[in-house]
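Visitor: I am new to this structure, so please take me through it one place at a time.

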Amino acid sequence: MPTLPPSLSLLSKHAILLPPEQAHEDEWELVDAPPAGTAPSRLAMRDKDLLVAWGREIRMATFESGWDVNGGVVGSYRSPHLSFDVRQLVVNPTGRLLAVVGTHQVAVVVIPPTSTSSGETSVKSFAIDEFQFSPSAQVGIAKVLWHPLGEGGTSLWVLTDDGKLAEYDVLRPTDAAQTFHFLPSEHKASTSRFSAADPLSLTAVSFSFSPLSDVAASDFNQFTIRVLAGNGDVYAMSPIIPLVATIPLSSLLSLKAMCEVRLRRLQTGSQDAERAAEEGRVIMQAAWVEKLLGQVKQGAATTVSTPRSSLRASLRDSPAPAQPAASVSVHPPHLTESGGPAPGIHRLLLRQGPYLVDPPAPDNDDDDNRATDLALVASASGSTVALSSWSSGRVDVALELDGPEPRWISSADPAPPECVLATLESVALPTKGGEDPARFLVDPFTDSTVYLQSGGAVDAISLAQTIEALDQDEGDIVPVTVTRKVESALTSSSQIIGAATFCNIALGYGLLALSSAGQLATVEMDYCVDTALATPTAAEFALVDADALAILSEPFDTAPLLASTRSSTDVLAAVRRHLTARQPLQTVTAEQVRLLVAASEALRDRLDAVRTSSQALEEHVDVLALEVQRHLSLLKECSARIGEMHARRALERVDAIVAAQAKLGDRLDRVLADLMSEYRPQIGEVEQKWFDELDRLRARVGTGKAGLAQRTQLLKEQLAAVKPRVERARQDANDAPGPPSYGHKQLRPLQAALNARSDELARMLRKMEGLSVRVERAESDDDDDDV
């Protein structure tokens, strides 16, 4: 069933896709060619908004109720900070901020909620670190991402091609909040003074945050960042969190418990150098977690309610990202809440890598082949699958066996890090020659599917079966499934410059790809839900609200209600002691007045407690009544279903089904017979000759005048007629007194004639028997053929 409106195919005619008439040629930018291996991404989706970048212009169209092409409004956004050609558009998690990335510059635009007017619109924007990212900068920008753990979606991370990863808080965009160096320096990369380092090993092309999952939330993998070099090397650092991070409190408590268990296990048993190094590592990890929990205990992790700059006021109306209910806001232990260095001694993080790839990926003879992007997919068991794309169209799929863990440069942990990637599969995607930069896109509906956008195509890579086999530990590696969604002619006017996925209740679920000529390819996709995992929601059964269900989940205890109505002191007894009926009351003293006031207040408190207890009891009775009504409705529904099952129409329906099944069986038999007659094997040339020979033998052995049987019968009759005469002649010869004796010369011809005659009769009898056997066999074969 289609999930998109019929007008999706007409989206290619929208005005937002028309390229500008003329490019910006009035200004010069002192830059080299775009970084090799970096795929452009000038198309983005924000809920119901479509964003497209043309040159230095950003356009947005809003689709409230489907893909309304004719009535859509196109808004154009220009800013003094957009003084460069846009290569990438990255929307933050809240949807209010848009990172605009060029070859050497980065800017952030505060986009309005919806596009309500056509023409140019002034929007707030600011540049990121204009001193570091300028038109004359020596380093290029490899990749830009928003950190998913950043508070309010304001943590922007920028990777340059020299391997430096910097975090920028959009509330302080002028300076980097944190900086990490992931690649070794040039003099350290070469092991000999006579050999040069591979240039690709000194160039960073991509980085990725760890995928967030329920299993990953209980270990340090959620705080790990991995960087991909141009030669395919992968480096990692952990733990790294944003300057203002929002982390579930349960995750921190799980990390603390895990560190305590590991430390207790290491402290028991024999000690050696390896266990001592691991113990020192776990002690530093536990100290790092304890510092984060200390911020929560001291109240330093409360959410900042006052704006830190004028930009905070403009971001107040932005929808907050979905966060767990029990989340806390913390900052890195080596920094203060404002971003300055924290007091005390703090060790630098240890760079872990490059990863050991086993078995190694297949070598490519092309010297220009280089890695382009990195993507991580998490399985249900917590394992991480890494995908790396190459400019030659190859995609390597590997399983992270020995992943990184929090490490610091310290003498207490001198062991070198060992990170291993087990190669599962190398997929060679069809290309049209030449270097084809590529980048990964995530699927908004399923985590096990990623899309690879290159200049010539967009491919969907599904790892669902691969990850399922890894989780079940079946032993056999299931290959990934690759489906080509979009393919272009790979000419200068048909290069794919952007791709985006969307999953919206109003727009559906699909994929968009944009070419440099303004041509848009739309792909409609279907929702694939595993019915075995689909469970009914609580709303299908709940007829009362959540508070009522919470009350019913626990037994109703009347002891607290009764205790609240009782008083610890007997006020009436105190009044009786001071005001006795035996003595007349002449005057009222101040002590008596205070006693009466106290007794009145105590009585009022007890009345309020009784009223509160009565109200609680009434509410519980009301909830019980609703629950009884729900049970009655369920019983009524069950009774109706049972009655329908026992109704006569159900039996009639079963009989009709049985009759229809019998008819289907008869039709199936006829169809099978027709198929057998239609597909009967044809008689070959050899078989036809065999049947012709049988017909000829049947004619020879037949009952006609020329048949052998007739001739044999004639000879038998002649023999029967001659035999009595021979017997009589022999008898007469014996009875005769003296028959004349024949000489040898007279008897020899007679004996020869008799012998010849006897031989001929014997030969004829044998031939008759042989022909009779062959005739019987031929008749049996004909009977079998007729059957």
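## Bends, pairs and patches

Visitor: In the loop between which two strands is the place of P354?
Guide: This is a predicted model, and each value in our talk is computed from it. The peptide bond that runs from G353 to P354 is cis, with omega near 5 degrees. As for its place in the chain, P354 belongs to the loop between β18 (327-330) and β19 (356-358).

Visitor: Which peptide bond is cis with omega near -5 degrees?
Guide: To find it, look at P359, whose place is in the loop between β19 and β20 (371-378). The cis bond with omega near -5 degrees is the one from D358 to P359.

Visitor: Is D47 buried or exposed?
Guide: D47 lies in the loop between β1 (43-46) and β2, and its phi is near 55 degrees, a positive value in a residue other than glycine. Its relative accessibility is 55%, and because a value over 50% is the mark of an exposed residue, D47 counts as exposed.

Visitor: And does D129 count as buried or exposed?
Guide: D129, although not a glycine, has a positive phi of about 45 degrees, and its place is the loop between β9 (124-127) and β10 (141-146). Since buried means under 20% relative accessible area, the 9% relative accessibility of D129 makes it count as buried.

Visitor: How many residues apart in sequence are the parts that W157 and F209 tie together?
Guide: A search of the whole structure finds 7 aromatic pairs. In one of them, the rings of W157 and F209 have their centres 6.0 Å apart and their planes at 80 degrees, so this pair is edge-to-face. Because W157 lies in strand β11 (residues 155-160) and F209 in strand β14 (residues 204-209), the pair ties together parts whose separation in sequence is 52 residues.

Visitor: Which residues form one aromatic cluster?
Guide: Two of its members have just been named, and both count as buried, W157 at 0% relative accessibility and F209 at 11%. The cluster as a whole is formed by W157, F180, F207 and F209.

Visitor: The charged end of R394 sits over the ring of which residue?
Guide: Here a charge, rather than a second ring, is set over an aromatic ring. The charged end of R394 is 4.5 Å from the centre of that ring, which belongs to W390.

Visitor: With which side chain does the side chain of N221 make a polar contact?
Guide: N221 has its place in the loop between β14 and β15 (225-229), and at 12% relative accessibility it counts as buried. The contact, at 2.8 Å, joins its side chain to that of R226.

Visitor: How many residues apart in sequence are the parts tied together by R56 and D85?
Guide: Side chains of opposite charge can pair when their charged atoms come close. R56 forms a salt bridge with D85, the closest N and O atoms being 3.7 Å apart, and while R56 is buried at 10% relative accessible area, D85 counts as partly exposed at 43%. Because R56 lies in the loop between β2 (49-54) and β3 (57-62) and D85 in the loop between β4 (74-78) and β5 (88-91), the pair ties together parts whose separation in sequence is 29 residues.

Visitor: With which residue does D169 form a salt bridge?
Guide: D169 is buried, with a relative accessible area of 4%, whereas its partner is partly exposed, with 31%. The closest N and O atoms of the two are 3.4 Å apart, and that partner is R172.

Visitor: Which residues do salt bridges that share partners join into one network?
Guide: Before the network, consider a pair: D608 forms a salt bridge with R611, the closest N and O atoms being 2.7 Å apart, and both lie in helix α9, 3 residues apart, about one turn of the helix. Salt bridges that share partners also occur, and the network they join is made of R262, R265, E278, R281 and E405.

Visitor: Which residues form a nonpolar patch on the surface?
Guide: One member is L635, whose place is in helix α9 (residues 590-646) and which is exposed, with a relative accessible area of 57%. Together the members have about 300 Å² of accessible area, and they are V628, L632 and L635.

Key
Residues numbered from 1 in each chain as written. Predicted model: local features only at pLDDT ≥ 70, side-chain atom pairs only at ≥ 80, totals over all residues. Heavy atoms only, no water. Patch = residues over 30% accessible without salt bridge, like charges linked within 9 Å, V, L, I, M, F, W, Y side chains within 5 Å. Areas by Shrake-Rupley, 256 points an atom, 1.4 Å probe, with all protein chains shown as cover. Salt bridge = Lys/Arg side-chain N within 4 Å of Asp/Glu carboxyl O. Helix = DSSP H or I, 4+ residues; strand = E, 2+ residues; numbered from the N terminus. Buried < 20%, exposed > 50% of the residue type's maximum accessible area, 1.4 Å probe, protein only. Phe/Tyr/Trp six-rings, centres within 6.5 Å; stacked < 30°, edge-to-face > 60°. Lys NZ or Arg CZ within 6 Å of the ring centre and 35° of its normal. Polar contact = N/O pair within 3.5 Å; in protein donor to acceptor, adjacent residues only side chain to side chain.
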